[in-house]
Amino acid sequence: MTETTHIQSTPPGAGAEPRSPEYRVAVDSLRGLRQDLIHDAFAYRPLPGRRTDGRFARRLPGRLREYAAWAPHALIVAAALISVAFATVDSGGPAALMGLFCAVPVLLTMVRPVGAFWASMVSTPVVAVVGSRWFEWPWAAGSFVSHLTVLTVVAMRTRPRTAGWMWALTALYALVADSGIGPTYMYGSNSGAMMIISALVLLCVTVRHIRRDAVQEVTAQQTVTAHERSRRTLLEERTTIARELHDVVAHHMSVVAIQAEAAPYRVENPPPELEKAFATIRENAVAALTELRRVLGVVRAEDYEAPDAPQPTLADLDGLLANVRDAGLAVDKAVTGAVRELPQGVELSAYRIVQEALSNTLRHAPGATARVEIGYVLGGLGLRIVNGPPPNPSLIKPSPGAGHGITGMRERVSMLGGEMTAGRTDDEGYEVAVFLPVALPDALPDEGDA
């Protein structure tokens, strides 16, 4: 009898005990410390210039505005000189060496911010020992100013978490220095002052970071919201146009189908070829109508019903102007050129454009006068709707949907291949000018050719 031994392989780490939450927090903290203050600590990151289009800089003359871009660099250099002054005045050691150790970390913040923090941590005990001023322990006067400056600048140039790590390491250095290394038993320690002042400074910088990030996030969200609102308005306007076109085109296709079906009965003994031609016309019209309803019908909402009345045209413009006058807008109409019947899509779009322009006048220029000009030209239709300035601007109420009516008008004009301009006039009024092209009818034959 043969015995078979089964050896089961255990995956690595399968038998290990799960790590405690405290262990994971410690590991994550050390990983964050390495990422913020150790990895690429001396990476080259030059301090960018200040923006010259800010609230205060743009008020300066041209020459001073150029110098304003270097204001952060000038402040850092000034802080370095102040630290040198504190380090060299009444020093107990070589003044030049102490000033150099205090100034270098501050100046280093302009090119290598994280490295400047480590340079300050190294220079602090050196200056304290070289200065031989044991009543300033563990920070000499120059090192005190230098380290505070370095903490502030580095915190402003990095993320808020880095400020917390710098303060923790500073506190660790103070704890070690006050544990008996220096003569704190005789003169006391200034670690408490450093911890309190640095905590207040870093807290202010962190709050500034959080506020700036919140403002940027809100601004970005507002931009996205405005873009989405404009896009939604554009889609709604296109849906409305598609619905109206569906009604217009479906009506005409239905008329074509009915006329094609009835045409053979209007002629006595029509030839078979004519009957077949009319039958083909009717079949194509019905097929096109079915396809049109299938494609364009998807834009209808479930509760949308086709209007019982026909779509408005320019012939109905007088009724629109009467309603607008009843609403308090004094409006005049002027028509130039030979009035003629235009394609129904052009008539409908022209009516809607005038309607929207007058609605904008009522909304944004209450009490103003308006004028509607319609020009029938050889190649199309011209529209001009202009209103004067509002007599009392204080009556104007803010409208969150400002500009969406203009978007809808541009969509209608673009659909017909026309041109449109809209903007302020010289007298602070508003003008909308539109040209809608219309294909010329076929030229009639000359009498000599008949």
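Thr109 touches Ile76, Ala116, Val150, Val153, Val154 and Arg157, leaving aside residues up to four places away in sequence. That's a good way into this predicted model, whose chain has 13 helices and five strands. From Thr109 we'll hop to helix 11, and then to a nonpolar patch out on the surface.

**The chain as a whole**
- Of the 450 residues in the chain, 33% are buried.
- Take the contacts with a separation of 6 or more: 73% of them come from residues 24 or more positions apart.
- About 28000 Å² of the chain is exposed, and carbon and sulfur atoms supply 59% of that area.

**Thr109, back for a second look**
- You'll find Thr109 in the loop between helix 4 (95-108) and helix 5 (113-131).
- Thr109 counts as buried because its relative accessibility is 1%, and the cut-off for buried is under 20%.
- Its side chain also reaches the backbone oxygen of Val106, at 2.5 Å.
- So there are two things to look at around Thr109 once you zoom in, given its buried status at 1% relative accessibility: the reach to Val106, and the contacts with residues including Ile76 and Arg157.

**Helix 11 and its two sides**
- Helix 11 spans residues 317-326, and Leu317, Leu320, Leu321 and Val324 are buried in it.
- Those four sit on the same side of helix 11, because they cover an arc of only 95° around the axis.
- Swing around to the other side of helix 11 and you meet Asn323 and Asp326, which are exposed.
- What covers the buried residues of helix 11? The cover includes strand 1 (330-336), helix 12 (344-364) and strand 2 (369-377).
- Just after helix 11 comes Gly328, with a positive phi of about 105°.

**A nonpolar patch on the surface**
- Leu60, Leu64 and Tyr67 make up a nonpolar patch on the surface.
- Together, these patch residues have about 280 Å² of accessible area.
- Leu60 belongs to the loop between helix 1 (21-38) and helix 2 (62-68).
- Is Leu60 buried, exposed or partly exposed? It counts as partly exposed, because its relative accessibility is 31% and that class runs between the 20% and 50% cut-offs.
- That 31% for Leu60 also fits the patch rule, which asks for over 30% relative accessible area.

Methods
Residues are numbered from 1 along each chain as its sequence is written. This is a predicted model: local features need pLDDT of at least 70, side-chain atom pairs count only at pLDDT 80 or more; totals for chains, interfaces and linings use all residues. Side-chain values use heavy atoms; hydrogens and water are left out. Patches are made of residues with over 30% relative accessible area and no salt bridge: like charges are joined within 9 Å, nonpolar side chains (Val, Leu, Ile, Met, Phe, Trp, Tyr) within 5 Å. Accessible areas come from the Shrake-Rupley method with a 1.4 Å probe; for residues, only the protein chains shown count as cover. A salt bridge is a side-chain nitrogen of Lys or Arg within 4 Å of a carboxyl oxygen of Asp or Glu. Buried means under 20% relative accessible area, exposed over 50%, partly exposed in between (1.4 Å probe, protein chains only). The arc is that of the directions from the helix axis to the C-beta atoms. Contact means heavy atoms within 4.5 Å. A polar contact is a pair of N or O atoms within 3.5 Å; within protein, one must be able to donate a hydrogen and the other to accept it, and residues adjacent in sequence count only if both atoms are side-chain atoms.
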